[in-house]
There are 2 protein chains.
Amino acid sequence: MRPDPNLVIDPASPVPVYRQVVDNLRSLLVEGVLQEGDTLPTVRELGMELGVHFNTIAEAYRQLATEGWLELKRRRGAVVMARTTPVEQSEVVEQFHRNLRQLVAQGRADGVSIRTITQHLKEMMEEFSA
Amino acid sequence: MRPDPNLVIDPASPVPVYRQVVDNLRSLLVEGVLQEGDTLPTVRELGMELGVHFNTIAEAYRQLATEGWLELKRRRGAVVMARTTPVEQSEVVEQFHRNLRQLVAQGRADGVSIRTITQHLKEMMEEFSA
DNA sequence: TTAATTGTATATGTACAATATACAAATTAA
DNA sequence: TTAATTTGTATATTGTACATATACAATTAA
């Protein structure tokens, strides 16, 4: 079975397409929407659907394979693997903190109200307890 | 006076340097660390400090000027302007939501624990009520 | 008026993103 | 077993964007 991840990519974004694909899929993997043993669409299928060349998708899959999320076999497509989460490192935490700050700042600058931001942060936290 | 923003840039990051500078400064602007009337370092000063070419800094300043944060005058340097926050738009909010999701996913994939993430999200919220 | 300081404009080298195309492996069907 | 098809891979090419070098223009100060 090939669950359609229903990705949102923005061709106008400064972030390269292959990385948008990586980021989208990583979210689904972390959240468990895509689980061990699931098979992703073929590079050609997903490329067609997103309107980009299949090599761009292949690059994204390779990146996720490097991160330990996927196993790529010829003809069998990309299969989601079991993956052990790395140990928490302070440097990574600091990077996370900086990125979060900048994301919130970007949102506020773009007009997202403090109320809305708070709401989304809260939602995000509640997903964990659930 | 020229407050030193004390920016953190990572030459190894895939995010281009000029955008790292933009993101860092935008945080300081949104948070009010840099306020109306403040003057930023000259492009050559900041470039020297960060070890990049001054044109790279100029590009960042121009970006922030486009966003309405800075006014650039020859010889007078970059001056922080009063800026009216745009009205909240649903599309922007959705983008913010996607970015937040991806940031958290990235963090979890890199080993940041749910506990740590929750802690940072909470901190961020508390900054608003303060 | 002259000199120094600063942002701007243009050109260039380099790296990376995205594609085109040919190839190799694995499955399926005859 | 063999041939055809489906897939990911490898390599080359093209275009775009990042970063720099360098010359220029404007403004301030001496």
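How many residues surround DNA strand C, and which are the closest? The count is 22, and the closest are His53(A), Asn55(A), Val43(B), Arg44(B) and Arg75(B). Sugar and phosphate make up 64% of the strand C atoms that come within 4 Å of the protein. This is a predicted model. The points below cover the two DNA strands, the hairpins, the domains of chain A and two buried residues.

**DNA strand C**

- Both protein chains supply the surface near DNA strand C.
- From chain A, helix 1 and helix 3 each give at least two residues to this surface.
- From chain B, helix 2 (43–50), helix 3 and strand 1 each do so.
- The surface near DNA strand C divides into eight nonpolar, six polar and eight charged residues.
- A polar backbone atom of His53(A) is 2.7 Å from a phosphate oxygen of DNA strand C.
- The side chain of Tyr18(A) places an N or O atom 3.2 Å from a phosphate oxygen of this strand.
- A base is reached from chain B: an N or O atom in the side chain of Asn55(B) is 2.9 Å from a base nitrogen of DNA strand C.

**DNA strand D**

- DNA strand D is surrounded by 22 residues. The closest are Arg44(A), Arg75(A), His53(B), Asn55(B) and Thr56(B).
- Sugar or phosphate holds 62% of the strand D atoms within 4 Å of the protein, and bases hold the rest.
- Chain A contributes helix 2 (43–50), helix 3 (54–66) and strand 1 (70–73), each with at least two residues of the surface near DNA strand D.
- Chain B contributes helix 1 (17–30) and helix 3 (54–66), again with at least two residues each.
- Eight nonpolar, six polar and eight charged residues form the surface near DNA strand D.
- The side chain of Arg44(A) has an N or O atom 2.5 Å from a base nitrogen of DNA strand D.
- For the side chain of Asn55(A), the distance from an N or O atom to a base nitrogen of DNA strand D is 2.9 Å.
- On the backbone side, a polar atom of Val17(B) is 2.9 Å from a phosphate oxygen of DNA strand D.

**The hairpins**

- In chain A, strand 1 and strand 2 (residues 77–80) run antiparallel and are joined by four bridges. Leu72(A) has Ala78(A) as its bridge partner in strand 2.
- Three residues lie between the strands of the chain A hairpin, where Arg75(A) takes a positive phi near 70°.
- In chain B, four bridges join strand 1 (residues 70–73) to strand 2 (residues 77–80), and these strands run antiparallel. Leu72(B) is bridged to Ala78(B) in strand 2.
- Arg75(B) sits in the loop between strand 1 and strand 2 of chain B. Its phi is near 70°, a positive value in a residue other than glycine. Most residues other than glycine have a negative phi.
- Is Arg75(B) buried or exposed? Arg75(B) is exposed, because its relative accessible area is 85%, over the 50% cut-off.

**Domains of chain A**

- Chain A is divided into domain 1 (17–80) and domain 2 (90–129).
- The C-alpha centres of these two domains lie 26 Å apart.

**Asn24(A), a buried residue in helix 1**

- Asn24(A) belongs to helix 1 (residues 17–30) of chain A.
- Asn24(A) counts as buried because its relative accessibility is 11%, under the 20% limit.
- Its side chain reaches the backbone oxygen of Val8(A) at 3.2 Å.
- Beyond its neighbours within four places in sequence, Asn24(A) is in contact with Leu7(A), Val8(A) and Gln102(B).

**Tyr61(B), a buried residue in helix 3**

- Tyr61(B) is part of helix 3 of chain B.
- With a relative accessibility of 3%, Tyr61(B) counts as buried.
- A polar atom of the Tyr61(B) side chain lies 2.7 Å from the backbone oxygen of Pro41(B).
- Leaving aside neighbours within four places in sequence, the contacts of Tyr61(B) include Leu25(B), Leu40(B), Pro41(B), Val43(B) and Leu46(B).
- Tyr61(B) also contacts residues of the hairpin strands, among them Leu72(B) and Ala78(B).
- Tyr61(B) and Glu71(B) are 10 residues apart along the chain, and 8.8 Å separates their C-alpha atoms.

Definitions and conventions: Residues numbered from 1 in each chain as written. Chains lettered and ligands numbered in written order. Predicted model: local features only at pLDDT ≥ 70, side-chain atom pairs only at ≥ 80, totals over all residues. Heavy atoms only, no water. Near = heavy atom within 4 Å. Polar contact = N/O pair within 3.5 Å; in protein donor to acceptor, adjacent residues only side chain to side chain. Nonpolar A, V, L, I, M, F, W, Y, C, P; charged D, E, K, R; others polar. Domains from an automatic or database assignment. Pairing = 2+ DSSP bridges. Buried < 20%, exposed > 50% of the residue type's maximum accessible area, 1.4 Å probe, protein only. Contact = heavy atoms within 4.5 Å.
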